Amino acid sequence: MDQPKIDLLAEWMKESRRTVILTGAGMSTESGIPDFRSKEGWWKKIDPMTVSTVDALEHQYDLFHGFYSLRLSDLKKCEPHKGHDALADLEKEGHVSAVVTQNVDGFHQQSGSGTVHELHGSLRKIFCHECGARADEAAFMERESCSDCEGHLRPKIILFGEMLPQDVWGRAIQDIEESDLLIVIGSSLQVAPANELPFLSDGKKVIINQEETYLHNQFDLQIEGKAGEVLQLIRDKVLEGTV
Ligand code: APR
């Protein structure tokens with residue numbers, strides 16, 4: 001592990017007034033949740049256009065339901081890891097102002113982070129695609145139709161080509177624009193417009209990732225490593241000396 005870089009980031013966090021974190025699927029792989037574009041990622045096994053679009057939902061519901069019910073049942077067997085806990089501790093001690101996440105697993109909130117902007121929605125919330133009525137997770141897992149209109153039940157996540165939740169994005173953009181330190185963790189930064197967010201910050205930009213991304217040279221500091229391990233080291237360094 002590159003300790004000098006960990007020490008430098010800890011210094012920056014201690015000096016920062018407003019640190020914002022942007023996480024991707026690499027933040028949850030150590031919890032057992034696959035990411036999308038690593039060699040073990042979902043999109044290496046399945047073409048996202050066959051399962052993660054409105055067209056798939058409306059015309060290939062068996063494929064759509066099979067993919068998302070599998071992800072939801074896998075999610076229920078997993079839990080946040082110590083890296084999520086470290087971010088929540090840093091927020092509690094005033095060193096993280098907000099977490100902006102592309103993830104839909106709810107792990108940041110589950111581990112105690114208070115300000116979390118879910119850019120791509122949440123796998124844990126179910127509603128009817130046709131009438132918008134909320135539905136139980138169990139009804140979705142049982143492949144039931146909407147009890148109000150017989151429509152398709154789906155998770156409240158953003159499918160490729162769908163509108164992004166403007167209220168969530170507005171709050172995320174505001175927090176990032178006000179930040180003086182922006183830390184990306186576990187994202188390939190290949191999906192727009194989330195990959196434009198880091199560059200809305202006028203402050204220092206850091207990326208913590210297991211492998212290099214095509215935007216690596218746009219960052220002031222790059223830490224190559226596992227999110228869980230790096231975040232625990234950073235938390236310990238930032239909070240050392242505080243009781
Ligand atoms: N620690 C650090 N980095 C990791 C770890 C880990 N334990 N595990 C994986 N990574 C890195 C991978 O090397 C990869 O660069 O995290 C990155 C994950 O990239 P993607 O799989 O592309 O995930 P993400 O960037 O979140 O994708 C964005 O794409 O399909 C959509 O909606 C989906 O929100 C997702 C979006």
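Which hand does the crossing of α5 and α9 have, left or right? The crossing is left-handed. Keep in mind while you look around that this is a predicted model.

## The α5 and α9 pair

Two packed helices are described by the angle between their axes and the distance between the axes. Here, helix α5 covers residues 82-92 and helix α9 covers residues 227-239; their axes come within 8 Å and cross at roughly 30°. Angles under 35 degrees count as roughly parallel, and α5 and α9 are therefore roughly parallel to each other.

If you would like to see who touches whom, start on the α5 side, where Lys82, Gly83, Ala86, Leu87, Asp89 and Leu90 take part. Across from them, α9 offers Gly228, Leu231, Gln232, Arg235, Val238 and Leu239. Sorted by class, the contact of α5 with α9 has six nonpolar, three polar and three charged residues.

## The six-stranded sheet

Let us move on to the strands. Six of them form an open sheet with parallel pairing, in the order β3-β2-β1-β7-β8-β9. The edges are β3 (116-118) and β9 (221-224), each of which pairs on one side only. On average, neighbouring strands of this sheet are turned by 15° against each other, direction ignored.

Strand β1 (residues 19-23) is a good place to pause. With β2 (residues 98-101), β1 pairs in the parallel sense over four bridges, and with β7 the parallel pairing of β1 runs over five bridges. Valine 20 in particular has a partner in each of these neighbours: alanine 98 in β2 and leucine 182 in β7. Threonine 23 has threonine 101 as its bridge partner in β2.

How many of the five residues of β1 are buried? Five of the five are, and β1 is mostly covered. Thr19, Ile21 and Thr23 point one way from the strand, while Val20 and Leu22 point the other way. Helix α1 (residues 3-15) lies across β1, β7, β8 and β9, and runs at about 130° to β9.

## The three-stranded sheet

A second open sheet has three strands in the order β5-β4-β6, with antiparallel pairing. Its edge strands are β5 (134-135) and β6 (153-157), each pairing on one side only. Strand β4 (residues 121-128) is joined to β5 by two bridges, whereas β4 and β6 pair over five bridges, again in the antiparallel sense.

Isoleucine 126 shows both pairings at once: its bridge partner in β5 is alanine 135, and it stands opposite proline 155 in β6. Four of the five residues of β6 are buried, so this strand is largely enclosed by the rest of the structure.

Helix α4 (residues 61-76) lies across β4 and β6, running at about 130° to β4. Within helix α4 you will find arginine 71. Is arginine 71 buried or exposed? Its relative accessibility is 13%, and buried means under 20%, so arginine 71 counts as buried. Leaving aside neighbours within four places in sequence, arginine 71 is in contact with Phe36, Trp42, Val104 and Leu123. The C-alpha atoms of arginine 71 and leucine 123 are separated by 8.3 Å, and these two residues are 52 residues apart along the chain.

## Backbone details to check

Some backbone angles deserve a look before you set up any calculation. The peptide bond from alanine 192 to proline 193 is cis, with omega near -5°. Proline 193 is found in the loop between β7 (181-185) and β8 (204-209).

Two residues have a positive phi although neither is a glycine. The table sets them side by side.

| Residue | Phi | Loop | Relative accessible area |
|---|---|---|---|
| Arginine 143 | about 60° | between α7 (137-141) and β6 | 40%, partly exposed |
| Leucine 189 | about 55° | between β7 and β8 | 1%, buried |

Where does leucine 189 lie? Its place is in the loop between β7 and β8, and proline 193 is found in the loop between β7 and β8 as well. Leucine 189 is buried, with a relative accessible area of 1%, whereas arginine 143 is partly exposed at 40%.

Key:
Residues numbered from 1 in each chain as written. Predicted model: local features only at pLDDT ≥ 70, side-chain atom pairs only at ≥ 80, totals over all residues. Heavy atoms only, no water. Axes fitted to C-alpha atoms, helices over the stretch in contact; angles between N-to-C directions. Parallel < 35°, antiparallel > 145°, perpendicular 65-115°, else oblique. Left-handed = near helix turned anticlockwise from the far one by under 90°. Contact = heavy atoms within 4.5 Å. Nonpolar A, V, L, I, M, F, W, Y, C, P; charged D, E, K, R; others polar. Pairing = 2+ DSSP bridges. Buried < 20%, exposed > 50% of the residue type's maximum accessible area, 1.4 Å probe, protein only.
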